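Here's a quick tour of one helix pairing and some charged contacts. Have the model open while you read.

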Amino acid sequence: MQLSVATLVLCAVQAVLSQKIILTNDDGWATAQIRAQNDALITAGFDVVLSAPALQKSGTGSSSAPPTPLTQPCEFNTCPTGSPATGFNASNPRLNYVNSFPVDAARFGIQTLAPQFFGSPPDFVVSGPNIGTNLGSGITGSGTVGAASEAALEGIPSAAFSGATGSQVSYTTLVTDPNSTSSVAARLYAGLVAKFTKALITPAARPILQPGITLNVNLAATSGSGCTNASNFRFIFTRLVANSGATDVSTCGTTHLPDESTVTRSGGCFVTVTVIDATTKKDVNATVQGVVLNRLQNLPFTCFN
């Protein structure tokens with residue numbers, strides 16, 4: 001039986017809608033960045049639940065502790081002192097805080113919220129976008145990368161996203177000051193992350209990513225660089241740390257990938273994509289890189305010269 005175009009389109013939409021995402025970060029549950037990202041993923045057709053720290057927890061790496069009741073208000077006064085260890089927005093129970101580290105927020109999303117809202121484990125964990133880049137060997141201290149790594153170690157495919165532009169501002173800024181640098185960057189990065197996520201997870205083939213790895217994705221600055229529109233950005237496949245002695249996946253006529261720090265700081269409108277080991281937070285071998293690069297073949301990758 002031949003399917004109509006309308007039926008095929010409906011099937012494609014349903015395939016996207018079946019993708020269940022836990023969204024987390026290390027900057028806190030009420031920042032402009034994570035709320036813009038939540039909106040962008042929903043607009044792209046994903047089923048999203050946000051589970052992020054109640055307070056700003058940047059630089060905490062893979063630290064972990066049991067969540068505790070609030071001894072101070074949530075960031076931007078989004079919940080009062082004395083609030084329970086975990087909680088949610090009164091008007092939207094899919095927006096959740098966890099009063100602990102990013103790792104714990106990701107774990108709560110995977111183990112508690114996903115069964116509650118999805119009835120199953122999530123398909124993917126989006127961590128970020130972080131306020132500021134996370135590059136090179138310095139990622140070991142990143143809570144954004146820590147949360148993504150925790151997801152991968154629990155068997156859930158994940159990626160950590162970080163953007164060079166923006167500051168620690170409330171989600172209300174998206175409405176009260178929509179043309180500010182932070183608001184514009186938050187929306188632009190959110191759109192790029194949604195595009196990347198869709199390219200990665202919607203193909204039918206499984207697994208989405210090999211076990212034990214995660215992705216470190218950095219988005220170049222939007223201000224003062226001409227990178228004011230998502231269409232200006234191009235994706236570059238990179239490695240974490242420069243190593244002329246390493247043999248990477250063959251692409252752009254070489255087996256030596258550029259390092260993400262050099263690319264991100266070059267001034268170009270680039271999104272760097274690096275595959276890392278979720279346990280060691282170091283580069284992986286060429287074979288593993290190649291599987292991920294092939295998975296992302298529909299993205300506009302370019303070469304770094």
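## Helix packing and salt bridges

The crossing of α2 and α6 is right-handed. Keep in mind that this is a predicted model. Helix α2 covers residues 32-43 and helix α6 covers residues 181-201; their axes sit 8 Å apart, at an angle of about 45°. That angle makes α2 oblique to α6.

Who touches whom? On the α2 side you'll find A32, Q33, A36, Q37, A40 and L41, and they meet A186, R187, Y189, A190, G191, V193, A194 and T197 of α6. Sorted by type, the residues of this contact come out as nine nonpolar, four polar and one charged.

Now for the charged pairs. Side chains of opposite charge can pair when their charged atoms come close. The model has seven salt bridges, including these:

| Pair | Closest N to O | Separation along the chain |
|---|---|---|
| E150 and R107 | 3.2 Å | 43 residues |
| R107 and E154 | 3.5 Å | 47 residues |
| R239 and D283 | 3.3 Å | 44 residues |

R107 lies in helix α3 (residues 102-117), while E150 belongs to helix α4 (residues 143-153). E154 is in the loop between α4 and β6. Shared partners join D104, R107, E150 and E154 into one salt-bridge network.

How buried or exposed are these residues? E150 counts as buried because its relative accessibility is 14%, under the 20% cut-off. R107, at 25%, counts as partly exposed, and E154 is partly exposed at 26%.

As for the R239 and D283 pair, R239 is in the loop between β8 and α7, and D283 in the loop between β9 and α8. R239 is buried, with 6% relative accessibility.

Definitions and conventions: Residues numbered from 1 in each chain as written. Predicted model: local features only at pLDDT ≥ 70, side-chain atom pairs only at ≥ 80, totals over all residues. Heavy atoms only, no water. Axes fitted to C-alpha atoms, helices over the stretch in contact; angles between N-to-C directions. Helix = DSSP H or I, 4+ residues; strand = E, 2+ residues; numbered from the N terminus. Parallel < 35°, antiparallel > 145°, perpendicular 65-115°, else oblique. Left-handed = near helix turned anticlockwise from the far one by under 90°. Contact = heavy atoms within 4.5 Å. Nonpolar A, V, L, I, M, F, W, Y, C, P; charged D, E, K, R; others polar. Salt bridge = Lys/Arg side-chain N within 4 Å of Asp/Glu carboxyl O. Buried < 20%, exposed > 50% of the residue type's maximum accessible area, 1.4 Å probe, protein only.
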